[in-house]
Amino acid sequence: MNEAKLQEFMGRLVGDMGGAAIMANVILGEELGLYRAMADGQPLTPEELASRTGCNARLVREWLSGQAASGYVEHEAGHFRLPEEQAMALANEDSPVFVAGGAVVLASMYLDKDKIAAAMRGNGGLSWGDHHPCLFSGTERFFRPGYQANLVSNWLPALDGVVANLEQGAKVADIGCGHGASTVIMAQAYPKSRFLGFDFHAPSIEKARQRAAAAGVAERVQFSLAVAREFPGSGYDLECFFDCLDDMGDPVAAARRAHAALKPGGTVLLVEPFANDDLDQNLNPVGRMFYAASTCICTPNSLSQEVGLGLGAQAGERRLRHVFMEAGFASFRRATETPFNLVLEARK
Ligand SMILES: C[S@@+](CC[C@H](N)C(=O)[O-])C[C@H]1O[C@@H](n2cnc3c(N)ncnc32)[C@H](O)[C@@H]1O
C-alpha cells in the first residue's frame, strides 16, 4: 500500500463528495432565486440576500458559506458577491454556459436510486417515463443552452445545403424531441419551415406543445406521440435526433425509419454527447459525467425497449456510423463538434 497514493486518492474523493453536496445547493440556489438575486455582482450580506428572496437568513448564510468555499461566490468581511463569470453559469438562463437549471438531472439520479439499483440487479431496463419528473425538465434545461448557442449559428450551417432549404421552407422532423427545445429554436429561426416533433413520452409531448404555444410558433410546429422506429410522415428535408439516439432500444430501426421517410437529397442531423471511439480516450471529465448519467438514465432506457442495444451516451462516432450504415445510409460524417457534442450528418 502506497500511503502517498492513498492520500492523493482520498483528497480526490473528498473533492468529489463536496462537489456532489454542493450540487444539491446549486439546485436550491437556482430554485430559490438566490443566484438571480446576486446577478448584479454587488456585494451583499446574507440578511440582504434573505430579504431579497424571502428565505431564512440563517440558512442563506450557511448556503453562501458553502458557495464561497466552492469558489462560486467571493467573500469579504461578511459580504458575498457573485462574479460576472459565475453569474453566466449560475444566474443567466440565456447564457450559453448556464448549467444551474440542468443540475436537476443530477437530482433525478439520486431520487431514482432504488429503481436504478433494481435495474442493475435485474434486466437493466428502466424506462424514461418511470424516472422522477425532475429528469424531464432538467434534461430540457441541461441541453437548451447548448442548442440556443450552437444550433442555428454553427450546427445547421455545418450541414450541406440545409440552411438554404430551411430558409426557403423545409419539412423537418425532430425525433425524440422531449420538451421540444430544439424544435422551437429552429422554428423561431426559420419562419417558412414546418416542424414535426415526435417522442414516445406523453407528458413531454404535452410540455412541448405548451412551449411552442408560448413561443408563438404553434401554427408551424406540431408535436405527436410516436416511437422513433415508427414516426409518421414522409418527404422530410431534414430529420433530427438531438441527444436521444443512444437512449433508444433499437437505434438501427429508428435510423431505418428516418431513411425511409427522408426526401431524396435530404439530411439527417444527429447530435450526440461528445465521445471518442475508445473507452481509454473517454476517461476525462466529460466522459465521467456522461458515463455516470448513462449508467442511471440513457442505457437503462435503451435496455427497457425492444432490441435493447444499449449504445450508451459515450457511443462515439464509429459506433454511430455503424448504426446509420446498417440502416442503409450512403454517407455519414462529422459535420462539427463542441466539447460536449458530436454533430453528425447522414445522407441517403
Ligand atoms: C435525453 S432526452 C433528449 C430530449 C430532447 N431531444 C432534448 O434534447 O432535450 C431523450 C428523449 O428520447 C426519448 N426517447 C427515448 N426512446 C425513444 C423511442 N424509442 N422513441 C421515441 N422517443 C424516445 C425520451 O422520451 C426523451 O424525451
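This short talk describes the sheet, the ligand surroundings and the cysteines of one structure.

Good morning. Please keep in mind that the structure before you is a predicted model.

I begin with the sheet. How many strands does the open sheet have, and in what order do they lie? There are 7 strands, arranged as S5-S4-S3-S6-S7-S9-S8, and their pairing is mixed. For those new to the subject, the strands of a sheet pair through backbone hydrogen bonds, and the pairing may be parallel or antiparallel. At the edges of this sheet are strand S5, residues 221-225, and strand S8, residues 331-337; each of them has a pairing partner on one side only. On average, neighbouring strands are turned by 20 degrees against each other, if direction is ignored.

Let us look at one pair of strands. Strand S4, residues 194-199, pairs with S5 in the parallel sense, over 5 bridges. As an example of the bridging, Gly197 has Phe223 in S5 as its bridge partner.

Two helices should be mentioned here. Helix H10, residues 202-215, packs on the sheet and touches S4 and S5. The direction of H10 makes about 170 degrees with that of S5. Helix H9, residues 181-189, lies across S3, S4, S5 and S6, and runs at about 160 degrees to S3. In residue numbers, strand S3 is 171-175 and strand S6 is 236-242.

I now turn to the ligand. Which residues are closest to the ligand? Of the 20 residues that surround it, the closest are Tyr147, Gly176, Asp199, Ala228 and Phe242. For Tyr147, a polar side-chain atom lies 2.5 Å from an oxygen atom of the ligand. Ala228 contributes a backbone N or O atom, which lies 2.9 Å from a nitrogen atom of the ligand. Phe242 likewise places a backbone N or O atom 2.8 Å from a nitrogen atom of the ligand.

My last topic is the cysteines. A disulfide is a covalent bond that joins the sulfur atoms of two cysteines. How many disulfides does a search of the whole structure find? The search finds 0. Why does Cys244 form no such bond? The closest cysteine sulfur, that of Cys177, is 8.5 Å from the sulfur of Cys244, which is too far for a bond, given that a disulfide requires the two sulfur atoms to be within 2.5 Å. Cys244 is also buried, at 7% relative accessible area. For Cys296, the closest cysteine sulfur belongs to Cys298 and is 9.3 Å away, again too far for a bond. Cys296 counts as buried too, with a relative accessibility of 15%.

Thank you for your attention.

Terms used:
Residues numbered from 1 in each chain as written. Predicted model: local features only at pLDDT ≥ 70, side-chain atom pairs only at ≥ 80, totals over all residues. Heavy atoms only, no water. Buried < 20%, exposed > 50% of the residue type's maximum accessible area, 1.4 Å probe, protein only. Pairing = 2+ DSSP bridges. Helix = DSSP H or I, 4+ residues; strand = E, 2+ residues; numbered from the N terminus. Axes fitted to C-alpha atoms, helices over the stretch in contact; angles between N-to-C directions. Contact = heavy atoms within 4.5 Å. Near = heavy atom within 4 Å. Polar contact = N/O pair within 3.5 Å; in protein donor to acceptor, adjacent residues only side chain to side chain.
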